[in-house]
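Hi there,

Here is the structure I promised to hand over, with my notes on what turned up in it underneath. I hope it makes a good start for your own look.

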Amino acid sequence: MSKQTVAVIGASSDRGKYSNKAVRAYVAQEWEVYPVNPKGGEIEGLKVFPSIEDIPVKIDRVTMYLPPSLGLKALPAIAAADPAEFFVNPGAESEELVTEAESLGLDPILTCSIVDLGVSPAQFPG
């Protein structure tokens with residue numbers, strides 16, 4: 001069976017940030033992880049994709065770690081990727097973002113995707 005795929009939108013190389021903890025948590029749970037950040041480069045040894053549109057495989061889950069103003073701009077590309085699940089983590093949500101996501105056919109899940117994996121962000125210290 002192939003691994004589940006996840007795009008971490010707003011991934012950071014700063015190990016203190018939740019978007020970095022998410023990359024590490026998904027790797028620990030044996031997901032195929034695709035960090036997304038326009039800066040590119042590498043995060044936790046993984047190639048960083050400038051946009052979700054650059055990821056060469058079907059994404060099962062998208063987890064967003066962006067301020068709502070940037071998240072809104074990312075929504076059309078996320079909708080085009082047609083993920084089975086779309087997590088909007090604490091701090092990334094706004095009424096406008098949720099409304100726009102729903103209008104694009106996404107079903108935003110407003111909770112911490114790290115906790116959804118059955119682990120705690122505290123298990124991935126900075």
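Let me begin with one pair of residues: Val6 has Val33 of strand 2 opposite it. Please keep in mind as you read that this is a predicted model.

That pair belongs to a parallel pairing of strand 1 with strand 2 (residues 32-36), which runs over five bridges. Strand 1 also pairs with strand 5 (residues 61-64), again in the parallel sense, this time over four bridges. In that pairing, Ile9 stands opposite Met64.

How many residues of strand 1 (residues 5-9) are buried? Five of its five are, so to speak, under cover. On one side of the strand the buried residues are Thr5, Ala7 and Ile9, and on the other they are Val6 and Val8, which leaves both faces covered.

Now to the helix that links the first two strands. Strand 1, helix 1 (residues 18-28) and strand 2 form a β-α-β unit, and the unit is right-handed. Helix 1 is itself mostly covered, with eight of its eleven residues buried. Polar residues appear in that set: Ser19, Asn20, Lys21 and Arg24 are buried, along with Ala22, Val23, Ala25 and Tyr26. The cover over the buried residues of helix 1 includes strand 1, strand 2 and strand 5, as well as strand 3 (42-43), strand 4 (46-47) and helix 4 (113-116). After the helix comes Glu30, with a positive phi near 65°.

Helix 2 (residues 68-81) is worth a look on your screen. Its 14 residues should span 20 Å at 1.5 Å a residue, and the C-alpha atoms at its ends are 19 Å apart, which agrees. There is nevertheless a kink of about 45° at Ala74, shortly before the proline Pro76. Gly71, Ala74, Leu75, Ala77, Ile78 and Ala79 are the buried residues here. These buried residues pack against strand 1, strand 5, strand 6 (85-88) and helix 3 (95-103). Asp82 follows helix 2, and its phi is positive too, near 50°.

That brings me to the cores. The largest nonpolar core has 22 residues, and Met64, Ile78 and Phe86 have the most contacts inside it. Two or more residues each come from strand 1, strand 2, strand 5, helix 2, strand 6 and helix 3. Helix 2 gives the most, with five residues. What does Ile78 touch, leaving aside its neighbours within four places in sequence? It is in contact with Ile9, Ile52, Val62, Met64, Pro83, Phe86 and Leu106. There is also a second, separate core of 17 residues, which includes Ala11, Ala22, Tyr26 and Leu117.

Finally, a residue further along the chain: Ser113, which lies in helix 4. Is Ser113 buried or exposed? With 0% relative accessibility, Ser113 counts as buried. Its contacts, not counting residues up to four places away in sequence, are Tyr26, Arg61, Thr63, Tyr65, Phe87 and Asn89. Of these, Phe87 is 26 residues away along the chain, yet the C-alpha atoms of Ser113 and Phe87 are separated by 6.3 Å. Tyr26 ties this spot back to earlier parts of this email: Tyr26 is one of the buried residues of helix 1 and is included in the second core.

Happy to talk any of this over once you have had a look.

All the best

Terms used: Residues numbered from 1 in each chain as written. Predicted model: local features only at pLDDT ≥ 70, side-chain atom pairs only at ≥ 80, totals over all residues. Heavy atoms only, no water. Buried < 20%, exposed > 50% of the residue type's maximum accessible area, 1.4 Å probe, protein only. Pairing = 2+ DSSP bridges. Right-handed = clockwise from strand over helix to strand, strands pointing away. Expected span 1.5 Å × (residues − 1). Bend = angle between axes of the 7 residues up to and from the residue. Contact = heavy atoms within 4.5 Å. Core = buried A, V, L, I, M, F, W, Y, C linked by side-chain atoms within 4.5 Å.
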